[in-house]
Amino acid sequence: QVQLVESGGGLVQAGGSLRLSCAASGNIFSVNYMGWYRQAPGKERDLVAVSIRDGSTNYADSVKGRFTISRDNAKNTVYLQMNSLKPEDTAIYYCNARITTLTTGTIDYWGQGTQVTVSS
């Protein structure tokens, strides 16, 4: 069974920085992509950033130039460095990964979510 465990959320003032981490564990055969989504109260869950196995990345327009996604393939861990945070970045951030195991095939997994709150 695969688990995604997130850490690094918290409360920060506008203009500050936070770094989120997400580690995948279990009987992992391969990881296609790992990324981050966020969901603010009353809104849909939206993509923030994703790191593909080939090294490519993709960002939401709202975070380009402020957030950086990186990945440690050896540790099956993805990071999200968030700089110049704004109050509108306040949301629950969810880790997402497409993982293949030899027993369950390829499935999209989700972390439990970590709260990021940016005060003005």
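Me: Which residues is Arg-66 in contact with, leaving aside its neighbours within four places in sequence?

Reply: Happy to start there, and please keep in mind that this is a predicted model. Contact here means heavy atoms within 4.5 Å. With neighbours up to four places away left out, the partners of Arg-66 are Gln-81, Met-82, Asn-83, Ser-84, Leu-85, Lys-86 and Asp-89.

Me: Is Arg-66 buried or exposed?

Reply: Let's first place the residue: Arg-66 sits in the loop between β6 (57-59) and β7 (67-72). A residue counts as buried when its relative accessible area is under 20%. Arg-66 has 10% relative accessibility, so it is buried.

Me: How far is the backbone oxygen of Ser-62 from a polar atom of the side chain of Arg-66?

Reply: Here one partner is a backbone atom, the oxygen of Ser-62, while the other belongs to the side chain of Arg-66. The distance between these two atoms is 2.9 Å.

Me: Where is Ser-84, and what is its phi near?

Reply: You have met Ser-84 already, as one of the contacts of Arg-66. Ser-84 belongs to the loop between β8 and β9, and it is partly exposed because its relative accessible area is 40%. Most residues other than glycine have a negative phi. Ser-84 has a positive value, with phi near 50°.

Me: What is the phi of Asn-76 near?

Reply: Look in the loop between β7 and β8 (77-82), which is where Asn-76 is found. Asn-76 is a residue other than glycine, and its phi is positive, near 50°.

Me: Which residues does the disulfide join?

Reply: The structure holds one disulfide. To count as a disulfide, two cysteine sulfur atoms must lie within 2.5 Å. A sulfur-to-sulfur distance of 2.0 Å is found for the pair Cys-22 and Cys-95.

Me: How many residues apart are Cys-22 and Cys-95?

Reply: Cys-22 is in strand β3 (residues 18-25), and Cys-95 is in strand β9 (residues 91-101). The disulfide thus links distant parts of the chain, and the separation of the two cysteines is 73 residues.

Me: Is the disulfide of Cys-22 and Cys-95 left-handed or right-handed?

Reply: The clue is the torsion about the S-S bond. For Cys-22 and Cys-95 this torsion is about -80°, so the disulfide is left-handed.

Me: Are Cys-22 and Cys-95 buried or exposed?

Reply: The cut-off for buried is under 20% relative accessible area. Cys-22 has 0% relative accessibility, and Cys-95 has a relative accessible area of 0%. Cys-22 therefore counts as buried, and Cys-95 is likewise buried.

Me: By what distance are the C-alpha atoms of Leu-4 and Ser-21 separated?

Reply: Leu-4 lies in strand β1 (residues 3-7), and it is buried because its relative accessible area is 7%. Among the residues that Leu-4 touches are both cysteines of the disulfide, Cys-22 and Cys-95, along with Tyr-109 and Trp-110. Ser-21 is 17 residues from Leu-4 along the chain, and their C-alpha atoms are separated by 9.9 Å.

Me: Which side chain is joined to that of Asp-108 by a polar contact of 2.7 Å?

Reply: Asp-108 is in strand β10 (residues 105-110) and is partly exposed, with a relative accessible area of 33%. Its contacts beyond four places in sequence are Tyr-33, Asn-96, Ala-97 and Arg-98. The side chains of Asp-108 and Tyr-33 make a polar contact of 3.3 Å. The polar contact of 2.7 Å joins Asp-108 to Arg-98.

Me: How far apart in space are Thr-117 and Gly-9, C-alpha to C-alpha?

Reply: Thr-117 is in strand β11 (residues 114-119) and is partly exposed, with a relative accessible area of 28%. Leaving out residues up to four places away in sequence, Thr-117 touches Gly-10, Leu-11, Val-12 and Thr-90. Although Thr-117 and Gly-9 are 108 residues apart in sequence, their C-alpha atoms are separated by 8.0 Å.

Me: How many residues of the lining of the largest pocket are charged?

Reply: The largest pocket holds about 160 Å³ of space. Of its 13 lining residues, the closest to the centre are Arg-38, Ala-40, Lys-43, Asp-46 and Glu-88. Asp, Glu, Lys and Arg count as charged. The lining divides into two nonpolar residues, three polar ones and, for the charged group, eight.

Note on methods: Residues are numbered from 1 along each chain as its sequence is written. This is a predicted model: local features need pLDDT of at least 70, side-chain atom pairs count only at pLDDT 80 or more; totals for chains, interfaces and linings use all residues. Side-chain values use heavy atoms; hydrogens and water are left out. On a 1 Å grid over the protein atoms alone, a cavity is a set of points where a 1.4 Å probe fits but cannot get out, and a pocket is an open set with protein on both sides within 12 Å along at least five of seven lines; lining residues have an atom within 4 Å of a point. Grid points are joined across faces, edges and corners, and a volume is the space filled by probe spheres set on the points. Helices (H or I, at least four residues) and strands (E, at least two) are DSSP runs, numbered from the N terminus. Buried means under 20% relative accessible area, exposed over 50%, partly exposed in between (1.4 Å probe, protein chains only). A polar contact is a pair of N or O atoms within 3.5 Å; within protein, one must be able to donate a hydrogen and the other to accept it, and residues adjacent in sequence count only if both atoms are side-chain atoms.
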